[in-house]
Amino acid sequence: MKYDFSKTEKKWQAYWQQQESFKTAETADKPKYYVLDMFPYPSGSGLHVGHLEGYTASDITARYKRSCGFNVLHPMGWDAFGLPAEQFAIKTGTHPRITTEQNIRSFKETLQAMGFSYDWSREINTTDPGYFKWTQWIFLRLYEMGLAYMSEVDVNWCEELKTVLANEEVEEKIADGYTVIRRPLRQWVLKITAYAERLIADLDEVDWPENVKQMQRNWIGRSEGVEIDFELRCHKSKLKVYTTRPDTLFGATYLVISPEHPLAEKLATAPQLVAVKEYIRQAKLKTELERTGLQKEKTGVFTGSYAINPATNEPLPVWISDFVLTSYGTGAIMSVPAHDQRDWEFAKQYNLPIIEVIKSPHNVEEKVFDEKNSIPVNSSNSEISIDGLPFREAFECMASWLESKNLGARKVNYKLRDWIFSRQRYWGEPIPIKHYEDGTLRTETTLPLVLPEVEAYHPSSTGESPLANIAEWLLGSDEFGVFRRETNTMPQWAGSCWYYLRFIDPANTNALIDPEKERYWMNVDLYIGGAEHAVLHLLYARFWHKVLFDLGVVSTREPFRKLFNQGMILGEDNEKMSKSRGNVIPADHVLERYGADAVRLYEMFLGPLEQVKPWNTNGIEGISRFLSKVWRLFHSDSDRDEESPAAKLSEDPMPEELLRKMHKTIRKVGEDTENLKFNTAISEMMVFVNELHKAGCRNREAVETLLILLAPYAPHITEELWEAAGHNSSISKAPFPSYRPELVEDSVLTIAVQINGKLRGTFQAPAKSPKALLLEEALKVESVIKFLEGKSIVREIVVPDKLVNFAVK
């Protein structure tokens, strides 16, 4: 009979659910393994085939680790607060909770139809008050530690969405056609900068892709420099400038301050005041992305004021330009146009001096030369000279001189800015703070503080969330007086900062997590998700984890030991799947047509997990044929086949060649699965299936070994065939087979012969043959003899069991 995937998959999914086959033991006398997906936002569009890739990879790992004797935690939940559900509510009048619940049901049905071995008893939802009670609890700890504070700051305000966007969200929203401007707004801010040094240093502890580590390092942006005081002419104050290149101070020809700098208008002389005010007004309408883009035309306005270069005593004009940000350094920079591209372009634009202070191979009036390791020139005065010194010595010399003259001080700086934590939305975690009439703030004493039921979800044009319109929720009084609740809600990032901890102890009503359970399960052993989260989610989660570590809530400094970023699956047109392109391949459609096992195998067989690859429907047809070949090891295609599958299995010994192939397959599949090289593991199993069919072999050991190897990848068909083979228990409980070392080593090997590094022939030789024998046999290969004619061998290189290389002339 032919394989009916629909009937089989429904049967075993029902069985796993009824038996709670993948329910995780709280503790066990086994090593633990925690494998986690970056949990999804349940959008209305549902899951497409690209979404399934990472989930399939994590499920294969979970199933494989169980078969290797680990106590596996493999949970799933929903990152369900956020803007999309609220925008849908505004358009349709449907409560965000209703649409969120509908979307979760849809997502869950798809994930269950894929046969993923999640422990659904640990399912969490960030919109559940039992969950966000502890998100609010963490916020209050941040507040008590001085890491959460209120500030009126210039924020990225989206006109259409009527909410604040994080700096990291701006580019995406502008690309989607939204208008983003800068405007001042009262915000809650988290002091992530207090953890900047630890966020960099502890990256050395984790097994992450190096590019992700570097992205985080760059985002945090640690730099060592000097803060220099520039005396202002005609003003009693000084202008502080941070620079990482004090060795170029002699080449500074002008200063630039940000439009938001507190001295911006004060430094404007009467003739320049109108122009300065207008420039500041225009700058406030731009986003940071628009202001700092490398390709944008440099703009600025002269204040009319001058500062004194402490190294040369020359007057430096003070300009205002929007490419300088108050949020980094002091909001003021010294410009050395000969050796900085941005400064050079600005100097050319406004005809400002360009002075060479790093020995350059060309005229610096024509082109910038920026080479840190080059030699300083034109850099001396009556008290100090750094001409001819290497960079590090020049840096130290200038820094020491500035400090000795009380003109500056060494300083470590970071590009990282404190995290704006407010959103002007309804659909988010309420911030549990009460504002009293006398200006004092107090925390909510009873958590969770839940959202009120509302009929309208529109934020106000003043920047407040819809919560500001719900008087019965907003206003109250207690023993301290009349108060007004905080109307901002938390960003979607809040719930995803710590969810991996709640999976460990999801039903705990008395604590965020039980200490004993935390010590058993943490860290997360494998975290799989998209590279698009390399900075935001991972950085925020690491920050909260370190705060919880300082509070004694967790025992590890880092949450995720190993991180793996799966590559994107493109549409059949080689483009990213999107509704606008019309190339989305819904997961439900391919599941209905081909079944879960075929989809799982195909997604893993497409190529290396980390690579981008296109979907091809013809490819999944080939995977379906492979599963049919596995099926035919037990069943014939004839509907009249009355012999039981178990009776077809033989106890006769395998031929030695097939026995060796089986043990090689065990080793290869085990090693590749361990290293997430799923495509090559599948390829090896395909070869083994072909060998079994070719030999007409239905040896029980061979066939059952194949089923156990294949089970993490194609769990439904292997469960069905395992049962057909006469087993009463699930194949998921069968231990992963071990290989015999003596059977995985070939007795006869193919040896490559190279001449000057190019392959010229091969020959067969016994394993572990001596060097002399390999050289002797290599010289007998006809194609090698031909290429050696008329040449003399100057060197012989032998790699045992692999190759012989002749260097000739």
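Are tyrosine 131 and tryptophan 498 buried or exposed? Both residues are buried, and they appear in the second of the views below, which are taken from a predicted model.

**Figure 1. Overview of the protein chain in the predicted model.** The chain contains 28 helices and 27 strands. Its C-alpha trace spans about 100 × 90 × 50 Å along the principal axes. Of the 809 residues, 54% count as buried. Among contacts between residues at least 6 apart in sequence, 71% join residues at least 24 apart.

**Figure 2. The aromatic pair of tyrosine 131 and tryptophan 498.** A search of the whole structure finds 44 aromatic pairs. In this one, the ring centres lie 4.5 Å apart and the planes meet at 15°; the pair is therefore classed as stacked, a term that applies to planes under 30 degrees apart. Tyrosine 131 belongs to helix 5 (residues 129-144), whereas tryptophan 498 is in the loop between helix 14 (493-496) and helix 15 (499-502). The pair thus links distant parts of the chain, 367 residues apart.

**Figure 3. The aromatic pair of tryptophan 319 and tyrosine 350.** This pair is tilted, with 4.6 Å from centre to centre and 45° between the planes. Tryptophan 319 lies in strand 12 (residues 315-320) and tyrosine 350 in helix 11 (residues 341-350), 31 residues apart. Tryptophan 319 has a relative accessible area of 10% and is therefore buried. Tyrosine 350, with a relative accessible area of 24%, is partly exposed.

**Figure 4. A cluster of aromatic rings.** Ring pairs join Phe139, Tyr143, Trp188, Tyr195, Trp419, Phe421, Trp493, Tyr540, Phe543 and Trp544 into this cluster.

**Figure 5. Helix 2 against helix 22, with a charge over a ring.** Helix 2 (residues 52-67) and helix 22 (residues 656-674) pack at an angle of about 125°, and their axes are 10 Å apart. Because of this angle, helix 2 is described as oblique to helix 22. Helix 2 contributes Ile60, Tyr64 and Lys65 to the contact, and helix 22 contributes Gly670, Thr673 and Glu674. The crossing of helix 2 past helix 22 is left-handed. Lysine 65 also lies over the face of phenylalanine 70, at 4.7 Å from the ring centre.

**Figure 6. Helix 22 against helix 23, and the loop between them.** Helix 22 and helix 23 (residues 678-695) pack at an angle of about 165°, with axes 8 Å apart. Helix 22 is therefore roughly antiparallel to helix 23, and the crossing is left-handed. The residues in contact include Leu658, Met662 and Val669 of helix 22 and Phe678, Met685 and Phe688 of helix 23. Leucine 676 lies in the loop between the two helices. Although leucine 676 is not a glycine, it has a positive phi of about 60°. Its relative accessible area is 6%, so leucine 676 is buried.

**Figure 7. Helix 1 against helix 25.** Helix 1 (residues 5-19) packs against helix 25 (residues 715-724) at an angle of about 85°, with the axes 9 Å apart. This angle makes helix 1 roughly perpendicular to helix 25. In helix 1, Thr8, Glu9, Lys11, Trp12, Gln13 and Trp16 take part; they meet Pro715, His716, Glu719, Glu720 and Glu723 in helix 25.

**Figure 8. Surroundings of valine 784.** Valine 784 is a residue of helix 28 (residues 782-788). Its relative accessibility is 0%, so valine 784 counts as buried. Leaving aside neighbours within four places in sequence, valine 784 is in contact with Val753, Ile755, Arg760, Gly761, Ala778 and Phe806. The charged end of arginine 760 sits over the ring of phenylalanine 787, 4.0 Å from its centre.

**Figure 9. Backbone details in three loops.** Most residues other than glycine have a negative phi, and most peptide bonds are trans. The peptide bond from leucine 447 to proline 448 is cis, with omega near 5°. Proline 448 is found in the loop between strand 17 (441-443) and helix 13 (471-474). A cis bond also joins methionine 522 to asparagine 523, with omega near 10°, and asparagine 523 is in the loop between helix 16 (515-521) and strand 20 (526-529). Asparagine 406, in the loop between helix 12 (391-404) and strand 14 (408-413), has a positive phi, near 55°. With a relative accessible area of 63%, asparagine 406 is exposed.

Methods
Residues are numbered from 1 along each chain as its sequence is written. This is a predicted model: local features need pLDDT of at least 70, side-chain atom pairs count only at pLDDT 80 or more; totals for chains, interfaces and linings use all residues. Side-chain values use heavy atoms; hydrogens and water are left out. Rings of Phe, Tyr and Trp (its six-membered ring) pair if their centres lie within 6.5 Å; planes under 30 degrees apart count as stacked, over 60 as edge-to-face and the rest as tilted. Helices (H or I, at least four residues) and strands (E, at least two) are DSSP runs, numbered from the N terminus. Buried means under 20% relative accessible area, exposed over 50%, partly exposed in between (1.4 Å probe, protein chains only). A charge sits over a ring if NZ of Lys or CZ of Arg is within 6 Å of the ring centre and within 35 degrees of the ring normal. Axes are lines fitted to C-alpha atoms, for helices over the stretch in contact, and angles run from 0 to 180 degrees between N-to-C directions. Angles under 35 degrees count as roughly parallel, over 145 as roughly antiparallel, 65 to 115 as roughly perpendicular and the rest as oblique. A crossing is left-handed if the near helix is turned anticlockwise from the far one by less than a right angle, and right-handed if clockwise. Contact means heavy atoms within 4.5 Å.
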